Amino acid sequence: MSVSARRSQIPKTAAVKTLTIHDERQALQVYGLGDQHLRLLEKSFGVEIFARGSALRIKGAREGTGQAVAVLERLIAATDDGLSLAPEQVQYAIRMAKNHEDVDLKSIYKDPILISPIKHRVIKPKTEGQRRYVEAVRRHAMVFGVGPAGTGKTFLAVAMAVAALTRKEVSRIILVRPAVEAGERLGFLPGDLQAKVDPYFRPLYDALFEMMGIEKFHKLMGEGVIEVAPLAYMRGRTLNDAFIILDEAQNTTIEQMKMFLTRMGFNSKIVVTGDVTQIDLPTGKASGLVQVQAILRNVDDIRFVYLTGLDVVRHELVQQIMKAYDKFDNGSKSGGGAA
């Protein structure tokens, strides 16, 4: 919908609010490049936003105006200390406002995990759920990150592992995944172990490439500082002085989950990630990630962090695609979908 079309829908009795930003640099961050952040707010809440210097005038229906002002106030507070804002951070603030969720953006973005040598990208949480997840990994020896795709479970776990290795808190990183598609019987696949497991670890490799560069990654792999292995190869080992990540844990059986968790050695940290709505185990096999939540919930130094759709950080078009599929699936279940 065009700006002029939106304006024609704003009632004559519209609410009008004004805000003032005292710092010109801060105003540039709040407005965004070419005022793109303000355009996002207009589109999301059906309001008009007029910016003149550091003065803002917001006009629209009472609810939309109130929500737009709430988001702007949070953006202003977040940039008080020089924080730079990206469109995805503004989109997150908008989503939270629409869900009537209060959020302190400054507390989320103020504490970076890692500065990647690749373009000097700063890796940090982008949502309140991600902040809680990262804080749990910092504080506890074993953390379970449970939530849908796109919530950053694996990416942030890898970032925390690389940061711990960089600070010499651990001496190695161990990445583990169940190779369900191969039935965990990898012998029939061509090539050595590395060639066999590579396809299953591609998401983890991509994250590591981004955080340390391809050359350094291969160097550390060759030195055994970074190890990748299918879950079946963990049996009988004790893993000391390591940051261990079990990814796609919804595809572990109950027995495999118990076996993996008991591999933990001294001065080690374990992060387990998974999405219990995407279980690929054969019919009749229960997921170890589902059961472990009841077994270990009250054990000291173990934390379960649950991420939701509000924590999905992906391109806006991807979010729209996901919503469209959810709407279609719900319609199909109620008998309204396509045959």
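## A guided tour of two sheets and their helices

Begin by selecting helix 10, residues 202-212, whose buried residues are Leu204, Tyr205, Ala207, Leu208, Phe209, Met211 and Met212. The model is predicted, and local features are described where pLDDT is at least 70. Extend the selection just past the end of helix 10 to Gly213, where phi is positive, at about 85°.

**The three-stranded sheet**

Next, display strands 1, 2 and 3. These three strands form an open sheet with antiparallel pairing, in the order 1-3-2. Strand 1 (15-20) and strand 2 (48-52) are the edge strands, each pairing on one side only. From one strand to the next, the twist averages 15°.

Colour strand 2 and strand 3 (residues 55-60), which pair in the antiparallel sense over five bridges. Two positions are convenient for following this pairing: Glu48 stands opposite Lys59 in strand 3, and Arg52 stands opposite Ala55 in strand 3. Two residues lie between the strands of this hairpin, and Gly53 takes a positive phi near 65° there.

Move now to the other pairing of strand 3. Strand 1 is joined to strand 3 by six bridges, and the two run antiparallel. Select Thr18 to find its bridge partner in strand 3, Arg57.

Which residues of strand 3 belong to the covered face, and which to the uncovered one? Show the side chains of strand 3: Leu56, Ile58 and Gly60 make up the covered face, whereas Ala55, Arg57 and Lys59 make up the uncovered one. In a regular strand, side chains alternate between the two faces of the sheet. Add helix 3 (residues 36-45), which lies across strand 2 and strand 3 and runs at about 155° to strand 2.

**The six-stranded sheet**

Hide the previous selection and display strands 6 to 11. Six strands form an open sheet here, ordered 8-7-9-10-6-11, and the pairing is parallel. At the edges are strand 8 (226-230) and strand 11 (302-306), each of which pairs on one side only. The twist of this sheet averages 15° from one strand to the next.

Within this sheet, select strand 7 (residues 172-177) and strand 9 (residues 242-246), which run parallel and are joined by five bridges. Arg172 stands opposite Ala242 in strand 9.

Two helices should then be added. Helix 7 (residues 128-139) packs on the sheet and touches strand 6 (142-146), strand 9, strand 10 (269-274) and strand 11. The direction of helix 7 makes about 170° with that of strand 11. Helix 13 also packs on the sheet, touching strand 6, strand 10 and strand 11. The direction of helix 13 makes about 130° with that of strand 11.

**A nonpolar surface patch**

Keep helix 13 (residues 288-296) in view and select Val290, which is found in this helix. What does Val290 form with Val276 and Ile279? Together, Val276, Ile279 and Val290 form a nonpolar patch on the surface, with about 200 Å² of accessible area. Why can Val290 belong to such a patch? Val290 has a relative accessible area of 43%, so Val290 is partly exposed and lies above the 30% limit used for patch residues. A surface representation of these three residues, Val276, Ile279 and Val290, completes the tour.

Definitions and conventions
Residues are numbered from 1 along each chain as its sequence is written. This is a predicted model: local features need pLDDT of at least 70, side-chain atom pairs count only at pLDDT 80 or more; totals for chains, interfaces and linings use all residues. Side-chain values use heavy atoms; hydrogens and water are left out. Patches are made of residues with over 30% relative accessible area and no salt bridge: like charges are joined within 9 Å, nonpolar side chains (Val, Leu, Ile, Met, Phe, Trp, Tyr) within 5 Å. Accessible areas come from the Shrake-Rupley method with a 1.4 Å probe; for residues, only the protein chains shown count as cover. A salt bridge is a side-chain nitrogen of Lys or Arg within 4 Å of a carboxyl oxygen of Asp or Glu. Helices (H or I, at least four residues) and strands (E, at least two) are DSSP runs, numbered from the N terminus. Buried means under 20% relative accessible area, exposed over 50%, partly exposed in between (1.4 Å probe, protein chains only). Two strands pair if DSSP finds at least two bridges between them. Axes are lines fitted to C-alpha atoms, for helices over the stretch in contact, and angles run from 0 to 180 degrees between N-to-C directions. Contact means heavy atoms within 4.5 Å.
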